[in-house]
Amino acid sequence: MGARPLLNRRLAGMGTTIFAEMSALATATGSINLGQGFPDTDGPREIAEAAARAVLDGHGNQYPPGPGIPELRTAIAEHQQRFHGLSYDPDTEVLVTAGATEAIAAALLALLEPGDEVIALEPFYDSYAACIAMAGAVRVPLTLRAPDFRPDLDRLRALVTPRTRLLLLNTPHNPTGTVLTADELAAIAALAVEHDLLVIVDEVYEHLVFSGAHHPIAALPGMRERTVSISSAGKTFSFTGWKVGWVTASAPLVSAVRTAKQYLTYVSAGPFQYAVAEALRLPDPYFDSLRADLLRKRDLLADGLDAAGFRVFRPAGTYFITTDITPLGEKDGIEFCRTLPGRCGVVAIPNAVFYDDSEAGRPLVRFAFCKRVAVLEEAVARLGRL
Ligand SMILES: Cc1ncc(COP(=O)(O)O)c(C=O)c1O
């Protein structure tokens, strides 16, 4: 082959994700993997049975409808009404996607022109940078800094230029666990309205909030027509492998996102769509006990990390605890995470990989607590030997 690089230059430098590297390290060293955010127990048995039944009964085994099966679109609309008081038409304002990941990709590819600027909360979930790049757009980070990881709203205002097209939000926020407050969201919404910006909000952890509350920005004045809300079944129902996600937005926004989505996967997860429609209608105690269970696990791991000498930033939401390794005499999270499996048999993720500003993330390391109590206890015991 000639001298020209094979990989499109927009993706240059975005080789293997850190999750693949760290999960391989976990397997190779037999370590406890607190890197990737997936639960080590499956979601409700009756929902798994609904999926199995759908396969056996021939529901969804062939291409489902492009926008998603009507049963699921209706259940998504009902869920938005029930938990957030938001009303969406299941036929025109809801789109089922291959996880939130495809929803993010399709929304960015559909709504951006090359050269558009996207302001996103940094640290970013890793697919944001890649999808903004694939769209030929430019990411402009609004950095969340330790110890409180709040957005600097004056800084946000200063980042808006005539080229800004879109604000990309994530609340509850991975990896910091920040849950944007009603006041922060109101200020962000006012800015979006003032500058006529679109907003994409990734809400996959909407049910995993331990203090404060999740507020949907789409509910704020002037926001419904400019907001693409994204969520998924993975985290809420502990079936991350099913990859059933969705978009809710105004009909013109959904139509734009659907145009890109139909050339990505077209459709996916037929039988799982039937099961997720049932899951979204589970009664409130399901959602309450999911949250209570994760809160217990958060505290177990946070206390253990604290005792092991980490500086712990206790998250208000999500699956993740961000820590600072400086009190352990360490400086570099990437180096620390590469050696941690060998030193004590635990895998974590260096937050630096989620930052453009690598200094801001350098001493930070993320641990996932969506694991069985016995696994977390063993991890804590191992970390205590550091
Ligand atoms: C912030 C955020 N968005 C999106 C996703 C991906 O969601 P899905 O598995 O539904 O594609 C994740 C998964 O870790 C996430 O943390």
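Guide: Contact here means heavy atoms within 4.5 Å. Keep that in mind, and remember that this is a predicted model.

Visitor: OK, what share of the contacts between residues at least 6 apart in sequence join residues at least 24 apart?

Guide: It's 75% of them, counted over the protein.

Visitor: Why is the protein called as compact as a globular protein of that length?

Guide: The globule rule is 2.2 Å times the number of residues to the power 0.38. For 386 residues that gives 21 Å, and the radius of gyration is 20 Å, close to the rule, so the label fits. The C-alpha atoms fill a box of roughly 55 × 55 × 50 Å along the principal axes.

Visitor: What makes a residue count as buried, and how many do?

Guide: Buried means under 20% relative accessible area, and 56% of the 386 residues make that cut. As for the surface, the protein exposes about 15900 Å², with carbon and sulfur atoms supplying 53% of it.

Visitor: How do you know that β2 and β8 pair?

Guide: Pairing takes at least two bridges between the strands. β2 and β8 (residues 244-248) have five, in the antiparallel sense, so they qualify. One of the bridges joins Val94 to Thr248 in β8.

Visitor: Where does that pair sit in the sheet order?

Guide: The open sheet has seven strands, running β2-β8-β7-β6-β5-β3-β4, with mixed pairing.

Visitor: Why are β2 and β4 said to stand at the edges?

Guide: Because β2 (94-98) and β4 (138-143) each have a single partner strand, one side of each is left without a neighbour in the sheet. Neighbouring strands here are turned by 20° against each other on average, direction ignored.

Definitions and conventions. Residues numbered from 1 in each chain as written. Predicted model: local features only at pLDDT ≥ 70, side-chain atom pairs only at ≥ 80, totals over all residues. Heavy atoms only, no water. Helix = DSSP H or I, 4+ residues; strand = E, 2+ residues; numbered from the N terminus. Axes fitted to C-alpha atoms, helices over the stretch in contact; angles between N-to-C directions. Buried < 20%, exposed > 50% of the residue type's maximum accessible area, 1.4 Å probe, protein only. Areas by Shrake-Rupley, 256 points an atom, 1.4 Å probe, with all protein chains shown as cover.
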